[in-house]
Amino acid sequence: MSVDYGKNYDFTDKVVLVTGGGGSIGCAIAEAFLACGAKVGIADISKENIQDALNTLAAGERAKGFICDVTNVASIQTLVKDLVDWQGRIDVLVNHAGLNIRKPAVEFTEGDWDTVIDANLKGIFFMAQAVGKVMIKQNGGKIINTGSVSSVRGHPNLAVYAASKGGVVQLTKVLANEWAPYNINVNAIGPGYTVTKQTADYVKDPKVFASLTDKIPMKRLGATRDMANAVLFLASEGASYITGHTLFVEGGRLID
């Protein structure tokens with residue numbers, strides 16, 4: 001039997017949830033799924049960011065914004081209920097929301113720890129849990145978490161962030177193992193430095209830009225489309241036999 005590879009990226013009528021969807025990468029991911037025919041729920045803690053994303057995407061009724069604080073389990077549960085009420089199912093979760101605090105390890109406070117871990121690890125787990133329950137009932141779905149190159153590298157001033165993202169990689173493996181019997185694929189992407197609103201200053205400062213790109217064999221920072229393309233692949237039928245994997249999208253940064 002021949003395989004219609006051209007349909008791998010056809011997400012017509014699929015329902016996708018993107019957390020952190022109001023940010024640069026999240027919005028690019030939402031745009032990619034919309035371009036492939038999906039209906040997309042854009043979740044973010046900021047109402048303003050959600051509206052900016054919806055204005056940028058201009059997708060009409062195929063995109064809807066949802067306010068959610070991923071550090072609050074009740075907020076996560078409300079989001080998932082509201083999304084299911086909107087479309088009746090969830091086919092893909094892009095578990096992207098997160099944040100970072102940079103400082104030397106000796107300067108981190110307990111509050112800093114809680115802020116980063118709650119957003120990057122607690123939020124990832126309980127969002128996956130809530131959506132996973134829906135997908136188990138559906139007997140299928142795709143979950144893509146966001147890790148980082150810091151999941152596997154000991155970059156300075158990122159002790160808590162690296163711990164949270166290392167946790168995401170291991171969590172992805174466990175969920176993939178537990179939920180494989182329900183036809184749920186759980187994978188992650190591991191972005192390297194990417195040009196976003198938050199990293200725009202790296203591009204503007206020639207010295208900083210050079211110091212970063214010198215460590216990257218492809219000699220450029222990632223673009224938001226690079227992250228979106230990786231997520232699309234992991235959510236597609238082309239990745240149906242891949243689970244528990246972290247796909248690093250970093251221009252070769254981890255080669256040596």
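These are legends for five close-up views of a predicted model.

**View 1. The larger core, with H1 as its main contributor.** The largest nonpolar core in this predicted model has 31 residues. Those with the most contacts inside it are Phe11, Val16, Ile29, Phe33, Val40, Val92 and Val94. Two or more residues each come from strand S1 (15–19), H1, strand S2 (39–44), helix H2 (47–57), strand S4 (92–95) and helix H8 (224–235). H1 gives the largest share, with eight residues. Apart from this core lies another, of 27 residues, which includes Ala43, Val80, Ile143 and Val168.

**View 2. Phe33 and what it touches.** Zoom in on Phe33, one of the residues with the most contacts inside the largest core. Setting aside neighbours within four places in sequence, Phe33 is in contact with Phe11, Val16, Ala38, Val40, Val92 and Val94. The list also takes in Val231, Leu232 and Ala235.

**View 3. Ser24 in helix H1.** Ser24 belongs to helix H1, which covers residues 24–35. Is this serine buried or exposed? Ser24 is buried, at a relative accessible area of 17%. Its side chain reaches the backbone nitrogen of Lys197 at 3.2 Å. Not counting residues up to four places away in sequence, Ser24 touches Thr196, Lys197, Gln198 and Thr224.

**View 4. Rings, and a charge over one of them.** Searching the whole structure turns up three aromatic pairs. One of them joins Phe125 and Phe126, with 4.9 Å centre to centre and 80° between the planes. That pair counts as edge-to-face because its planes are over 60 degrees apart. Both partners are partly exposed: Phe125 has a relative accessible area of 28%, and Phe126 comes in at 27%. For a ring with a charge over it, look at Phe108: the charged end of Lys103 sits over this ring, 5.9 Å from its centre.

**View 5. Cysteines without disulfides.** How many disulfides does a search of the whole structure find? Zero. Take Cys36: the closest cysteine sulfur, in Cys27, is 15 Å from its own sulfur, so the two are too far apart for a bond. Cys36 counts as buried, at 18% relative accessibility. Cys68 is in no disulfide either, as the nearest cysteine sulfur, again that of Cys27, is 18 Å away. Cys68 is buried as well, with a relative accessible area of 4%.

Conventions. Residues are numbered from 1 along each chain as its sequence is written. This is a predicted model: local features need pLDDT of at least 70, side-chain atom pairs count only at pLDDT 80 or more; totals for chains, interfaces and linings use all residues. Side-chain values use heavy atoms; hydrogens and water are left out. Rings of Phe, Tyr and Trp (its six-membered ring) pair if their centres lie within 6.5 Å; planes under 30 degrees apart count as stacked, over 60 as edge-to-face and the rest as tilted. Buried means under 20% relative accessible area, exposed over 50%, partly exposed in between (1.4 Å probe, protein chains only). A charge sits over a ring if NZ of Lys or CZ of Arg is within 6 Å of the ring centre and within 35 degrees of the ring normal. Helices (H or I, at least four residues) and strands (E, at least two) are DSSP runs, numbered from the N terminus. A polar contact is a pair of N or O atoms within 3.5 Å; within protein, one must be able to donate a hydrogen and the other to accept it, and residues adjacent in sequence count only if both atoms are side-chain atoms. Contact means heavy atoms within 4.5 Å. A nonpolar core is a set of buried Ala, Val, Leu, Ile, Met, Phe, Trp, Tyr and Cys residues joined through side-chain atoms within 4.5 Å. A disulfide is a pair of cysteine sulfur atoms within 2.5 Å.
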